[in-house]
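Q: Hi! Could you walk me through this one with me?

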Amino acid sequence: MPAPRTVLLTGAAGGLGTLMRDLLPDYGYELRLLDLRPIEGAPDAIVADLADQEALREAVRGVDAIIHLAGISLEAPFEKIVKANIEGTYHLYEAAREEGVGRIVFASSNHAVGYTPRPRGDDPLIPIDTPRRPDTFYGLSKCFGEDLAQLYWDKHGLETVSVRIGSCFPEPTSVRMLSVWMSPADGARLFHAALTAEHVGHTVVHGSSANTRLWWDLTSARALGYDPQDDSEPFAGKLIAEQGELQDGNEAHAYLGGQFVTDPPIWPY
Ligand code: NAI
Ligand code: 15L
């Protein structure tokens, strides 16, 4: 597959979308932007809801690949999750199939497997084929997205890399994040690898930097050519001094999904 150049970035107004709008052009991509919300300084961005099938079909026409970030990114009532993340992702895949787009990079999440106990001591890293254990309706919608991706590969030959993103923010802000943080620069490296690796079929990868306190296995991401350069460890001293170490008896510290297991942040809209 030749390296894709024109890439539709859905969710381009969001936190991760904003970071990637800055970073991905350096890899030679021409980005077409889409979001429910207008983007300041980007008058050409497509303002559309994932429910609008006509708009999606037009948006994907002629692109080489799609990075699909749009959707509800926190916990929400089931009905809202169904509309944005389940039906919305289905509409995007249908548009891509109809317009012959060859590859999608799907923003899955650690919360698809959020009830997986975090490794302690000498426990092995969480493998990529760990059983699904969603911690929220939000995590459940990411399980759906991964299965949809598998179906569209098996049935239609549309390739996907599903990236189970840990926490991609400019800096880690909690002790848990020290283990799952993906620096924005490593995020761009991983998306670039996912867009350019050959013959990915449907591949699921963990998305994080090469953190000293890593909880999960990065082998399938590295197999795409991803070579993470960052580590959260320089942030550890300050965060641990402020928040303390993760505690054995605390349920919010017991699982990969952290606080999503006990008290998930709620989508505000
Ligand atoms: P965000 O909430 O900042 O951005 C999501 C964007 O999607 C927003 O700009 C919103 O307007 C747009 N959107 C929501 N519903 C839409 C709809 N129906 N139609 C069109 N656009 C819609 O989230 P963030 O942090 O940028 O995450 C991006 C993606 O990556 C999300 O799918 C999230 O689930 C996933 N992810 C992010 C992680 C992170 O650390 N930032 C971790 C794991 C997964
Ligand atoms: C996610 O899936 C969320 O979209 C993001 O906002 C963070 O909460 C992240 O997971 C996390 O687990 O830190």
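We go through the ligand site and then the interior.

Q: Anything I should know about the source and numbering before we start?
A: This is a predicted model, where local features need pLDDT of at least 70, side-chain atom pairs count only at pLDDT 80 or more, and totals for chains, interfaces and linings use all residues. Residues are numbered from 1 along each chain as written, chains are lettered from A and ligands numbered from 1 in the order written, and side-chain values use heavy atoms, leaving out hydrogens and water.

Q: Which residues surround ligand 2?
A: Ser73, Leu74, Ser109, Asn110, His111, Tyr138, Gly166, Ser167, Phe169, Arg176 and Phe260 do, each with a heavy atom within 4 Å of the ligand.

Q: And how far is a polar side-chain atom of Ser167 from an oxygen atom of ligand 2?
A: That distance is 2.5 Å. For Tyr138, a side-chain N or O atom is 2.6 Å from a ligand 2 oxygen, and for His111 a polar side-chain atom is 2.7 Å from one.

Q: How much of the accessible area of ligand 2 does the protein cover?
A: The protein covers 83% of the 320 Å² that ligand 2 has on its own, by the Shrake-Rupley method with a 1.4 Å probe.

Q: Switching to the inside: what lines the largest cavity?
A: His68, Ala70, Gly71, Ala84, Asn85, Thr89, Phe106, Ser141 and Lys142. A cavity here is a set of points on a 1 Å grid over the protein atoms alone where a 1.4 Å probe fits but cannot get out, and lining residues have an atom within 4 Å of a point.

Q: Which helix gives the most to that lining?
A: α3, with three residues; helices are DSSP runs (H or I) of at least four residues.

Note on methods: 1 Å grid on protein atoms, 1.4 Å probe; cavity = no way out; pocket = protein on both sides within 12 Å on 5 of 7 lines; lining within 4 Å. Helix = DSSP H or I, 4+ residues; strand = E, 2+ residues; numbered from the N terminus. Polar contact = N/O pair within 3.5 Å; in protein donor to acceptor, adjacent residues only side chain to side chain.
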